[in-house]
Amino acid sequence: MSRIDINKTYKLFIGGAFPRSESGRVYEVKGSDKKFLANPALASRKDLRDAVVAAKSAQAGWAGATAFNRGQILYRIAEIMQGRSEQFVEEISALEGVTSKVAKLQIEEAIDTWVWYSGWCDKLSSIAGSQNQVSGPFYNFTTPESLGVVAIFAESKPSLLGAVRTLAPVLAGGNSTVLIASEAYPLPAITLGEVLATSDIPAGVVNILTGKTSELYPWVGSHMEIDGVDVAGLSKKQEEELRLVGADNLKRIARFSAINHPERILSFMEQKTIWHPIGI
Amino acid sequence: MIIDGSETSLRKFLSDLPPVDQVGAEARAGMLATRSIKTTSKAWAIDMAISMVDLTTLEGADTPGKVKSLCAKAVRPDPNDLTVPSVGAICVYNDMVKIARTELDAIGGESIPVAAVATAFPSGRASLAVKKLDTQDAIDAGANEIDMVIDRGAFLSGQLYQVFEEIQVIKQICGDKAHLKVILDTGELVTYDNVRKASYLAMLAGADFIKTSTGKVAPAATAPVVLVMLEAVRDYFTLTGKKIGVKPAGGIRTTKDAIKQLVLVKETAGDQWLTPDLFRIGASALLNDLLMQRMKLRTGHYASANYVTVD
């Protein structure tokens with residue numbers, strides 16, 4: 001008799017824990033061969049609410065950590081991901097229908113993305129900040145500061161890399177996040193949550209939801225506690241609606257091209273200007 | 001009268017009280033906490049909870065400025081929404097009573113009572129003379145309610161009559177000028193049996209309210225403790241026809257927590273206790289969460305803490 005498989009229950013990642021959806025719902029995810037793969041949780045608006053509460057309370061601590069420390073932690077995520085490669089390969093090839101070689105390339109690029117953004121953490125304020133010339137006995141500095149809670153709609157494909165290249169810059173800037181995984185390709189994002197849970201990133205800084213994008217985006221748009229949204233995984237029409245409801249609290253809403261760029265970090269940061277008298 | 005005021009009769013009454021079924025109390029409180037309150041009932045519960053809040057600041061760092069801004073918040077919790085009711089009371093240390101009373105009177109909060117924590121709050125470790133003076137001082141400053149702490153050390157070492165007499169003395173000073181709330185500090189009483197005993201002791205000695213905690217000791221107002229106290233006031237009402245209020249304080253931070261408390265009240269003491277005259281919630285952070293939930297119901301989208309005042 002063959003051994004019965006022990007399959008993983010794919011759950012949400014909220015506040016450092018892996019709960020099921022409060023609604024009790026799940027949905028079916030199929031592989032590229034139309035065969036059943038998993039029943040991940042189908043997050044409700046209340047899961048979103050809980051995730052935002054967790055993100056909000058974790059944000060000050062993450063933004064308050066030194067930029068160098070944030071960089072170290074992002075690098076640590078890369079290290080842990082490396083060790084989990086095999087599991088990612090399995091999930092990506094089953095979902096996207098690519099060979100394990102192609103899947104491996106995607107994972108390597110995702111790991112490199114973490115390393116690339118980890119390097120930016122402690123250099124950003126030198127590049128984007130400035131000492132401004134003023135006519136008076138003052139120093140005048142401008143430095144970038146984190147925005148707050150940023151929601152991310154991850155791209156569908158490439159499933160893992162799509163999540164990482166939206167997530168890493170937002171974290172590098174000191175924001176906390178709620179990442180809404182791609183509806184059709186959610187499994188690598190949840191496994192990414194397991195990587196994050198063991199990589200020194202404080203609980204609540206990253207929260208990952210799986211479910212129906214169409215159900216969640218209006219609530220993300222109108223949530224007054226969410227300060228920014230990366231709409232990579234939304235359609236143009238959905239983005240437009242989100243911009244309408246998001247105007248209420250002046251949400252920063254952005255869509256980027258696929259390349260890694262420090263502008264992705266700065267888009268979710270504020271510029272703070274400080275006046276300081278020149279001492280005698 | 002159910003006791004004649006002597007030590008013997010008090011001891012007999014308290015020792016005859018039936019013990020609390022610990023598992024049963026916890027199960028019942030747990031079961032009531034699962035009840036889901038939605039839409040119009042939730043809106044009603046939020047407004048009721050706001051009107052029951054004893055808006056509290058009991059910090060060493062309190063300043064007149066902070067107390068004044070708290071008063072403004074008590075009268076008009078959400079300046080953008082005039083339909084939000086005022087809170088039940090302001091709760092401060094003795095030296096802030098006069099400032100709070102003057103400020104409330106000046107900004108249209110004449111009907112909001114000021115509660116003072118007296119009798120060497122929070123530990124209660126002072127001589128009776130000092131406690132009496134402390135109480136008199138608060139009343140002279142204009143306190144409408146006195147939140148006194150019992151001597152837990154005396155209670156736990158069995159000197160029940162001493163605790164009883166102390167409450168009586170303070171009650172006498174309060175007279176008809178101030179309501180007396182007696183803080184049992186259930187976290188230090190340890191067992192539910194002690195909570196029941198202390199509740200009856202306080203009611204027999206003349207408390208108008210029994211209050212769970214100082215807010216300085218954890219655990220504070222846990223659901224089973226509040227259940228035991230609500231049962232005590234209900235049974236005391238059956239025995240004597242007198243309605244005593246209950247005030248949970250400490251650890252109630254979210255709207256969900258507050259609504260759970262209201263469910264406990266309704267299912268234990270009954271609808272007649274669902275009024276700020278007989279049920280108060282001692283809190284500071286809770287009010288903001290109630291306001292945010294109220295905004296959510298009104299606007300249809302989730303609110304942000306950036307839109308409510310910090311203190």
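**Figure 1. Interface of chain B and chain A in the predicted model.** Zero salt bridges are found across the interface of chain B and chain A. On the side of chain B that touches chain A, the residues divide by class into five nonpolar, four polar and three charged. Six residue pairs are in polar contact between chain B and chain A, both residues of each pair being at pLDDT 80 or more. In total, 12 residues of chain B contact 11 residues of chain A. The size of an interface is often expressed as the accessible area lost when the parts come together. Here, about 1,000 Å² is buried between chain B and chain A, with carbon and sulfur atoms giving 48% of that area. H301(B), Y302(B) and Y307(B) lose the most area to chain A within chain B, together 59% of what that side buries.

**Figure 2. Salt bridges between buried residues in strands of chain B.** D54(B) pairs with K181(B) in a salt bridge whose closest N and O atoms are 3.1 Å apart. D54(B) belongs to strand β1 of chain B and K181(B) to strand β5 (residues 179-183) of chain B, so that this pair links distant parts of the chain, 127 residues apart. Both D54(B) and K181(B) are buried. A salt bridge also joins the side chains of D147(B) and K247(B), at 3.1 Å from N to O. Because D147(B) lies in strand β4 (residues 145-149) of chain B and K247(B) in strand β7 (residues 245-247) of chain B, the pair ties together parts 100 residues apart in sequence. D147(B) is buried, at 0% relative accessibility, and K247(B) is buried with a relative accessible area of 0%. Through shared partners, salt bridges join D54(B), E145(B), D147(B), K181(B), K211(B), K247(B) and R280(B) into one network.

**Figure 3. A salt bridge in chain A.** The side chains of K123(A) and D122(A) meet at 3.0 Å, N to O. K123(A) is partly exposed at 42% relative accessibility, and D122(A) is partly exposed at 33%. Over all chains, the count of salt bridges is 42.

**Figure 4. Helix α3 (residues 39-52) of chain B.** The helix has 14 residues, which at 1.5 Å a residue should span 20 Å; its end C-alpha atoms are 20 Å apart, so the two values agree. Buried residues in α3(B) are K42(B), A45(B), I46(B), M48(B), A49(B), I50(B), S51(B) and M52(B). Elements covering the buried residues of α3(B) include β1 (53-56), α12 (255-268), β8 (281-283) and α13 (286-299) of chain B.

**Figure 5. Surroundings of N207(A) in strand β7 (residues 206-209) of chain A.** N207(A) is buried, with a relative accessible area of 0%. A polar atom of the N207(A) side chain lies 2.8 Å from the backbone oxygen of G204(A). Beyond its neighbours within four places in sequence, N207(A) contacts F13(A), I14(A), G15(A), A51(A), A54(A), A55(A), T177(A), V178(A) and L179(A).

**Figure 6. Cis peptide bonds and positive phi angles in loops.** K157(A) and P158(A) are joined by a cis peptide bond with omega of about -5°; P158(A) sits in the loop between β5 (149-153) and α6 (159-172) of chain A. In chain B, a cis peptide bond joins A218(B) and P219(B), with omega of about -5°, and P219(B) is in the loop between β6 (209-211) and α11 (223-240). L250(A), not a glycine, has a positive phi of about 55° and lies in the loop between α9 (236-246) and β9 (252-254) of chain A. L250(A) is exposed, with a relative accessible area of 74%. V190(B), also not a glycine, has a positive phi of about 70°. V190(B) is in the loop between α9 (186-189) and α10 (192-205) of chain B and is exposed, with a relative accessible area of 68%.

Technical notes. Residues are numbered from 1 along each chain as its sequence is written. Chains are lettered from A and ligands numbered from 1 in the order in which they are written. Side-chain values use heavy atoms; hydrogens and water are left out. Contact means heavy atoms within 4.5 Å. Buried area is the accessible area (1.4 Å probe) that two parts lose on being put together, summed over both. A salt bridge is a side-chain nitrogen of Lys or Arg within 4 Å of a carboxyl oxygen of Asp or Glu. A polar contact is a pair of N or O atoms within 3.5 Å; within protein, one must be able to donate a hydrogen and the other to accept it, and residues adjacent in sequence count only if both atoms are side-chain atoms. Ala, Val, Leu, Ile, Met, Phe, Trp, Tyr, Cys and Pro count as nonpolar, Asp, Glu, Lys and Arg as charged, and the others, Gly among them, as polar. Helices (H or I, at least four residues) and strands (E, at least two) are DSSP runs, numbered from the N terminus. The expected span of a helix is 1.5 Å times one less than its number of residues. Buried means under 20% relative accessible area, exposed over 50%, partly exposed in between (1.4 Å probe, protein chains only).
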